[in-house]
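Here is a friendly tour of one protein chain, taken a region at a time. Keep the viewer open and follow along.

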Amino acid sequence: MSSHGSPIPMSSRACGPLNGTAEVPGDKSISHRSLILGAMAVGETTITGLLEGQDVLDTAKAMRAFGAEVIDHGGGSYSVHGVGVGGFAEPDNVIDCGNSGTGVRLLMGAMATSPISVTFTGDASLNSRPMARVTDPLALFGTQAVGRAGGRLPMTLVGAAEPVPVRYEVPMPSAQVKSAVLLAGLNAPGKTVVIEAEATRDHTERMLAGFGAEITVEDTDAGRVITLTGQPELKPQHIEVPRDPSSAAFPVCAALIVPGSDVLVPGIGLNPTRAGLFTTLREMGADLTYENERLEGGEPVADLRARFSPDLHGIEVPPARAASMIDEYPVLSVVAACATGETVMRGVKELRVKESDRIDAMASGLRANGVEVEDGPDWWIVQGRGHGNIAGGATCQSHLDHRIAMSFLILGMVTQKPVQVDDGGPIATSFPIFEPLMSKLGAQVTRLSA
Ligand code: S3P
C-alpha cells in the first residue's frame with residue numbers, strides 16, 4: 001500500500017545514456033526545520049525552495065494545527081507567521097505525520113515543553129517505528145508519553161508545564177533524537193546540553209544559530225557537546241532551502257551505472273554531515289566532480305557532474321562515515337551491485353529502523369534480481385556483478401519506503417530484464433518529481449496498472 005491511497009506498481013528497464021540537467025527538489029531535513037523553527041519564531045519567516053513532498057506538507061499542516069500561519073505562495077515559496085517559543089496552541093485533532101519519522105520526532109520535541117497534549121499518528125511504516133528514543137529524553141524535561149506497546153504510535157504526549165533543562169548523551173547516531181532534545185530545550189529555562197558521540201547532520205544547530213538562539217558546539221573527546229540556552233526569542237529568517245543531496249543521489253548513481261551518461265545536478269547542499277555518499281562513490285572509481293563550489297545561506301553548495309564510470313570497484317565503507325550517508329545506503333547497494341568485487345558496509349544498525357528495515361528490503365530485492373548479498377545485525381556485503389551482468393526480472397517490495405522504491409527503479413535501468421516495484425507511491429514523500437525528472441534524462445520508468 002502507498003502511504004495515502006492504492007499501491008502504484010512501477011517498472012524500469014534498461015535505457016540509453018542519461019543526459020541533461022537534473023533539478024532535484026529542496027532538502028527534506030532543512031524543509032521540516034524551516035517550518036518548525038519558523039513557527040517558533042516571532043514574526044514572518046519566508047522560505048524558498050521548500051520540498052513539497054508529502055512528509056513536509058504533513059509538517060506544514062501540523063504547524064497550522066499548533067497555531068502558526070503557514071502560507072503557500074506557489075513554486076516552493078512559503079511564509080510562516082510564528083507564535084514564538086512556548087506559544088503553541090493545543091491542536092484540536094490528532095496530528096498525522098504520514099510516513100515521516102523526522103516530522104513526528106521533531107514535532108514531539110518542539111511541543112514537549114509546552115503545557116499542551118498532542119496525539120500523534122502516522123502510516124503503517126511510521127506506526128511501527130521506535131519512538132522511545134525520543135520520549136525517553138523528553139521525559140527528563142517532565143514530558144509524559146503514552147503510546148502502544150514498544151513505544152509505538154499512535155501516542156499522546158503531555159507537555160511539561162514546568163520544564164527543567166536537561167543534559168543528554170544521545171545513545172545512537174540520530175539527528176532526529178538530537179534535534180528533538182534541542183527543540184524541547186528551547187522552552188526550558190537554563191542550559192540544555194546534548195552530547196553526541198558521532199557527528200550527525202547539524203542542520204538544527206546551524207539553523208537555531210541563524211534564528212538567533214544562543215547555541216555553542218564543542219568538539220571534545222566524548223564527542224560533540226551542544227549547549228543551548230533556553231527561552232530565547234527566535235527572530236524570523238529568510239531561508240533558501242538547498243537541493244537535497246539525498247535526492248541527488250538517485251540521478252547521480254543512475255548516471256554512474258548507465259553507459260554513456262553525463263548528468264549535471266545543480267545546486268546540491270554539500271554539508272559535510274550529509275555528503276558521505278559522494279566521497280564513497282569517488283573511492284569506488286566514480287567519475288563524479290564538484291563544479292562551481294560556493295556557500296549559500298551558510299551551507300556549502302556545488303553542482304555535481306556524474307558521468308558513466310566503467311571501472312567501479314567495491315570498497316569497505318568506513319563505519320565512521322555512516323551517519324553522513326545513512327539515507328544513501330540503499331542506492332549505494334545498487335551501484336555496488338554494478339561494480340566489480342565486494343562492497344562491505346558495517347556499523348549501519350540504524351538502517352534497520354528507517355521507513356523500512358533497509359538492509360532486509362534491499363538484500364531481498366537484490367537477491368531476487370540475481371545479486372548476492374550477505375547481511376547481519378549491523379552489516380551487509382554486496383557482491384558486485386560488474387556492468388551488464390545483473391539478471392533483473394523480479395518484483396521488489398518497497399515496504400512503504402520511498403528510498404527503497406527509487407533504488408530498485410535505478411537498478412532496473414541496468415538489468416537484463418526490467419525490475420518492478422510493488423508500490424512507487426511512497427516516492428511522493430520526498431521526491432515527487434522523480435518520474436518526470438528521470439524520464440527527461442532518458443530513463444524508462446513506467447507505472448503499471450495495479
Ligand atoms: C533526519 C535524520 C536521519 C535521516 C532522516 C532525516 C533528519 O534520521 O535518516 O531521513 O532530518 O534529522 P535519524 O536521526 O533517525 O538517523
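## A cluster of phenylalanines

Phe250 and Phe434 are both buried. Please keep in mind that this is a predicted model. The ring centres of Phe250 and Phe434 lie 6.3 Å apart with the planes at 85 degrees, so this pair is edge-to-face. It is a contact between distant parts of the chain: Phe250 belongs to helix 7 (residues 245–257) and Phe434 to helix 12 (residues 434–441), with 184 residues separating them.

Phe434 has another ring partner, Phe431. Here the centres are 5.5 Å apart and the planes meet at 75 degrees, so Phe431 and Phe434 also form an edge-to-face pair, with an angle over 60 degrees. Phe431 has a relative accessible area of 0%, so it falls under the 20% cut-off and counts as buried. Phe434 is likewise buried, at 0% relative accessibility. Through these ring pairs, Phe250, Phe431 and Phe434 are linked into a cluster. The count of aromatic pairs in the structure comes to three.

## A charge over a ring

What lies over the face of Tyr290? Turn to that ring and you will find Arg282, at 4.3 Å from the ring centre.

## Strands around strand 7

Strand 7 (residues 117–121) pairs with strand 6 (residues 95–96) in the parallel sense, over two bridges. Within this pairing, Ile95 stands opposite Phe120 of strand 7. To get from strand 6 to strand 7, the chain passes through helix 3 (residues 101–111), and the resulting β-α-β crossover is right-handed.

Strand 7 also pairs with strand 9 (residues 152–158). These two run antiparallel and are joined by four bridges. To find your place there, look for Val118, which stands opposite Leu157 in strand 9.

## Enclosed space

How many cavities of 30 Å³ or more does the structure hold? There are two, and the largest contains about 380 Å³ of space. Its lining is made up of 31 residues. Those nearest the centre of this largest cavity are Gln176, Arg201, Ile326, Asp327 and Lys354.

Four helices are named as giving two or more residues to the lining of the largest cavity: helix 1 (28–40), helix 3, helix 5 (175–185) and helix 11 (402–411). Helix 1 gives the most, with four residues. Helix 3 may be familiar by now, as the helix in the crossover between strand 6 and strand 7.

Conventions. Residues are numbered from 1 along each chain as its sequence is written. This is a predicted model: local features need pLDDT of at least 70, side-chain atom pairs count only at pLDDT 80 or more; totals for chains, interfaces and linings use all residues. Side-chain values use heavy atoms; hydrogens and water are left out. Two strands pair if DSSP finds at least two bridges between them. A crossover is right-handed if, with the strands pointing away from the viewer, the path from the first strand over the helix to the second runs clockwise. Rings of Phe, Tyr and Trp (its six-membered ring) pair if their centres lie within 6.5 Å; planes under 30 degrees apart count as stacked, over 60 as edge-to-face and the rest as tilted. Buried means under 20% relative accessible area, exposed over 50%, partly exposed in between (1.4 Å probe, protein chains only). A charge sits over a ring if NZ of Lys or CZ of Arg is within 6 Å of the ring centre and within 35 degrees of the ring normal. On a 1 Å grid over the protein atoms alone, a cavity is a set of points where a 1.4 Å probe fits but cannot get out, and a pocket is an open set with protein on both sides within 12 Å along at least five of seven lines; lining residues have an atom within 4 Å of a point. Grid points are joined across faces, edges and corners, and a volume is the space filled by probe spheres set on the points.
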